[in-house]
Each structure stands twice: as structure tokens, then as C-alpha cells.
Amino acid sequence: MKRAFTLVEILVVVAVLGLVFALSIPAFKRIINKAPLEQGIGDVVSLCSLAREKAIVKQQAMDVVLNETEEIVKVETAARVINAPDPTTGLMIKEAEETQLIDQATLQVDLEIIEPDTDAFALDEIRIRFYPDGTSETLTLRVADDDDAYLLTLDPVTGRARVVNEDDL
């Protein structure tokens with residue numbers, strides 16, 4: 001025999017579902033709010049890896065340019081001097097080659113350069129060089145939002161990035 005649900009039973013089920021939904025909202029907010037931070041640290045790591053890879057493959061130094069004020073990270077070819085023929089005389093002369101933008105990311109989180117010390121030189125932007133042998137200059141970087149922060153360090157011997165949650169230190 002079929003039994004029909006009463007209005008009271010239906011209202012109780014709806015109330016329970018509403019309560020479960022209301023209790024899950026803070027958890028969803030934490031997941032959504034963490035996404036820009038995870039994306040930001042991921043962008044920095046991938047751009048450092050790209051710079052290292054391009055330096056090795058092209059046998060040319062690459063720079064990761066970090067701008068604290070605008071929260072922009074970009075990969076560029078490093079400026080270099082090349083031999084080129086003079087257009088009028090045809091003789092070989094030394095000429096500066098312009099940097100070329102490879103890739104960039106605008107972060108939705110705070111970027112703080114810890115090492116090298118940008119305050120000593122009053123800089124908002126710094127270049128970290130990756131060399132064709134896979135090495136790099138030293139970098140310690142803090143990527144943060146209102147609730148959480150990550151520290152990224154570059155190993156100058158391997159040129160590889162290491163990321164740790166600041167809470168884990």
C-alpha cells in the first residue's frame with residue numbers, strides 16, 4: 001500500500017536540507033577564497049620553471065621580472081650584446097639586443113620580495129636571472145592573501161622553486 005507524505009514531513013525534509021546547505025556555505029567560501037592564492041603561487045612557480053626551461057633549451061639567459069606594486073610576474077629574454085653588421089659599412093659591430101616578453105601573469109594576491117632586498121635599492125621591480133646551465137639567482141618571495149601565505153624560494157644551484165605554506169614553518 002502506498003503512503004503519501006504529509007505536508008509536515010515535506011516541510012521537515014526541506015528544513016533539514018536548508019540547514020545542511022546553510023552549514024556548508026562557510027566551507028565553500030573557504031575553498032573559493034583560497035583559489036586566487038593557489039592560482040597566484042602556481043603562476044609564479046610555472047613562470048620560474050618556464051624561464052629555467054627556456055634558458056636551457058635556447059642556451060640564452062632568461063629573466064623573471066617581479067613587480068610588487070602591480071603584482072605582475074613575467075618572463076623575458078635577458079638583454080644581451082650581439083655582433084651584427086653595421087647597415088652602412090657592413091662591418092661587424094656590437095649591438096644591444098632588446099628583451100622579448102615570453103609570458104606573464106597578473107596576480108590577484110599580494111606579492112612581497114624578501115630576498116634580494118628591494119628596500120635597500122628602493123625598487124618595486126626586480127629581475128631574477130636563469131642561466132643556460134640550469135642555475136638561477138637567489139629569490140625568496142612571499143605570496144599572500146588576507147588569510148594565508150606561501151613562501152617560494154629558488155635554489156640557485158638547480159634553479160628550481162620550492163614552495164611552503166607559511167603556517168608550516
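Two strands count as paired when DSSP finds at least two bridges between them. With that in hand, I can start. What we have on the screen is a predicted model, and I will go through its two sheets, some salt bridges and a surface patch.

Take strand E1 and strand E2, residues 72-77, as the opening case. They pair in the antiparallel sense, over six bridges. One of the residue pairs to look for is aspartate 63, whose bridge partner in E2 is glutamate 76. Between the two strands there is a hairpin with four residues, and in it glutamate 71 takes a positive phi near 55 degrees.

On its other pairing, E1 runs antiparallel to E7, and six bridges join them. Methionine 62 stands opposite phenylalanine 130 in E7. Valine 64 has isoleucine 128 of E7 as its bridge partner.

Now put these strands into their sheet. It is an open sheet of four strands in the order E5-E2-E1-E7, with antiparallel pairing. At the edges are strand E5, 101-106, and E7, each of which pairs on one side only. From one strand to the next the twist averages 15 degrees.

How many of the six residues of E1 are buried? Six of the six are. As a general point, side chains in a regular strand alternate between the two faces of the sheet. In E1 both faces are covered: Met62, Val64 and Leu66 are buried on one side, and Asp63, Val65 and Asn67 are buried on the other.

That list has a charged residue in it, aspartate 63, with a relative accessible area of 2%. What does aspartate 63 form a salt bridge with? The partner is arginine 129, and the closest N and O atoms are 2.7 Å apart. Aspartate 63 lies in strand E1, residues 62-67, and arginine 129 in strand E7, residues 125-130, so the salt bridge ties together parts that are 66 residues apart in sequence. Arginine 129 is partly exposed, at a relative accessible area of 25%.

Next, the second sheet. This is also an open sheet of four strands with antiparallel pairing, and the order is E6-E8-E9-E10. Its edge strands are strand E6, 110-115, and strand E10, 161-165, each pairing on one side only. Neighbouring strands here are turned by 20 degrees against each other on average, direction ignored.

Within that sheet, E6 and strand E8, residues 139-144, pair in the antiparallel sense over five bridges. Leucine 111 stands opposite valine 143 in E8.

The residue to watch in E8 is arginine 142, which is partly exposed at a relative accessible area of 25%. The side chain of arginine 142 meets that of glutamate 112 in a salt bridge, at 3.9 Å from N to O. Arginine 142 lies in strand E8 and glutamate 112 in strand E6, so this pair ties together parts 30 residues apart in sequence. Glutamate 112 counts as partly exposed, with 37% relative accessibility.

Arginine 142 also forms a salt bridge with glutamate 166, where the closest N and O atoms are 2.8 Å apart. Here the link is between distant parts of the chain, 24 residues apart: arginine 142 is in strand E8, and glutamate 166 is in the segment after E10. Glutamate 166 is partly exposed too, at 28% relative accessibility. Back among the salt bridges that share partners, Asp63, Lys74, Glu76, Arg127 and Arg129 are joined into one network. The count of salt bridges comes to seven.

Two smaller items remain. Glutamate 95 is found in strand E4, residues 92-97. It is partly exposed, with a relative accessible area of 35%. Leaving aside neighbours within four places in sequence, glutamate 95 is in contact with Arg80, Val81, Ile82 and Ala84. For scale, glutamate 95 and threonine 138 are 43 residues apart in sequence and 29 Å apart in space, C-alpha to C-alpha.

The last item is on the surface. Which residues make the nonpolar patch of about 360 Å²? They are Val8, Val12, Val16 and Val20. Valine 20 has its place in helix H1, residues 7-58. Its relative accessible area is 52%, and the cut-off for exposed is over 50%, so valine 20 counts as exposed.

How values were computed
Residues are numbered from 1 along each chain as its sequence is written. This is a predicted model: local features need pLDDT of at least 70, side-chain atom pairs count only at pLDDT 80 or more; totals for chains, interfaces and linings use all residues. Side-chain values use heavy atoms; hydrogens and water are left out. Axes are lines fitted to C-alpha atoms, for helices over the stretch in contact, and angles run from 0 to 180 degrees between N-to-C directions. Buried means under 20% relative accessible area, exposed over 50%, partly exposed in between (1.4 Å probe, protein chains only). Contact means heavy atoms within 4.5 Å. A salt bridge is a side-chain nitrogen of Lys or Arg within 4 Å of a carboxyl oxygen of Asp or Glu. Patches are made of residues with over 30% relative accessible area and no salt bridge: like charges are joined within 9 Å, nonpolar side chains (Val, Leu, Ile, Met, Phe, Trp, Tyr) within 5 Å. Accessible areas come from the Shrake-Rupley method with a 1.4 Å probe; for residues, only the protein chains shown count as cover.
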